[in-house]
Amino acid sequence: MPETATASNPSSASPIGFNVLAWSAVMSEKLNPITERLKQIGYDGIECFIDNQDVAAYRQFGDHLTQLGLQRTCVMVVGPDQNPVSESAKVREQAVSFLKEAIDRAQAMGATVICGPMHSAFATFSRREPQPDEYAYSAEVLHAAGDYAKQANIILAPEALNRFECYLCNTMSQLLDLVNRADHPNVRAMFDTHHANMEEKRFPEAIRTIAPVLAHVHISENDRGTPGDGHIPWDDTFRTLAELNYNGWMTIEAFTRNDIDFANSINVWREYNDPWAIAENGLTFIKMMQAKYAR
């Protein structure tokens, strides 16, 4: 497993990635020129959404990225029919199968990390606070998926979301508890600055809470536009990550209305910034902050 999934080498700067959801949630050759330009700009890798396309499409896309010299990570969500916290054992079995299929696609693409709210169904609410059984169900599903991810040399990095998109894991303390319950070396965690901006009291404490299992970071502005243009506490973020010697991915996740179906599904109703302005200015910003807090 490359060190991009750990925080063990303080001398190595975090690789920087860009999530191509800013253009499309659909895997296709239309992403090829986008990835080529991202490579030219200076990115180390890209992140893409895992949909239900054939594994061969991911293998082909991975071959293209290999030729470019770009590394890759993936992001995913689960829906109500694959909800890991469902009371139905059949639905939870479908959740395990769904995660295994995502792992197959990520492996075919050559990805090392799958992140996202895979712990529970996206924007699906029970109208009550999370229950002990739900954490137990989710942990069981994640542990089973972790076993499958291990043979694929992939780290699963569940993500805490804000209260309007999820009720099971909103904070780093909740996410840490869930990951500890899953109890698998291939099940770790992600920190997303956008969601933390709504749910955490202070970034340094939140990052330190999740640090023992932190495998992936999404650099995302409060409005999902260009990192550095809003009010995310970036100095706290980069300083704390540097103090912890974190050297996993720092991947920009920004949204637009380029893919109308995807934008509608996550309630993105306006443009924040041009995606290429986000990519170019965001990379400059991250490199500046990394240099500022280099140890």
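Helices here are DSSP runs of H or I with at least four residues, and strands are runs of E with at least two, both numbered from the N terminus. This is a predicted model, so let's walk through what it shows.

**Start with the whole chain.** Colour by secondary structure and you should find 10 helices and eight strands. The chain has a radius of gyration of 18 Å, close to the 19 Å that the globule rule gives for 295 residues, so it is as compact as a globular protein of that length. Along the principal axes, the C-alpha atoms fill a box of roughly 45 × 40 × 40 Å.

**Switch on the surface.** About 12300 Å² of the chain is exposed, with carbon and sulfur atoms supplying 47% of that. Under it, 57% of the 295 residues count as buried. Now think about who touches whom: among contacts with a separation of 6 or more, 80% are between residues 24 or more positions apart.

**Select the charged side chains.** You'll get 25 positive and 38 negative ones. How far apart do the centres of the two sets lie? They are 3 Å apart.

**Zoom in on helix H8.** Select residues 234–243 and show side chains. Which of them are buried? Trp234, Thr237, Phe238, Thr240, Leu241 and Ala242 are.

**Add the neighbours of H8.** Its buried residues pack against three other helices you can pick out, H6 (193–199), H7 (203–210) and H10 (275–292). Two strands join them: E7 (214–219) and E8 (249–252).

**Last stop, Asn245.** Step just past the end of H8 and click this residue: Asn245 takes a positive phi of about 60°.

How values were computed
Residues are numbered from 1 along each chain as its sequence is written. This is a predicted model: local features need pLDDT of at least 70, side-chain atom pairs count only at pLDDT 80 or more; totals for chains, interfaces and linings use all residues. Side-chain values use heavy atoms; hydrogens and water are left out. Buried means under 20% relative accessible area, exposed over 50%, partly exposed in between (1.4 Å probe, protein chains only). Contact means heavy atoms within 4.5 Å. The radius of gyration is taken over C-alpha atoms; the globule rule is 2.2 Å times the number of residues to the power 0.38. Accessible areas come from the Shrake-Rupley method with a 1.4 Å probe; for residues, only the protein chains shown count as cover. Lys and Arg count as positive and Asp and Glu as negative; His and the chain ends are not counted. The place of a charge is taken as NZ of Lys, CZ of Arg, CG of Asp or CD of Glu.
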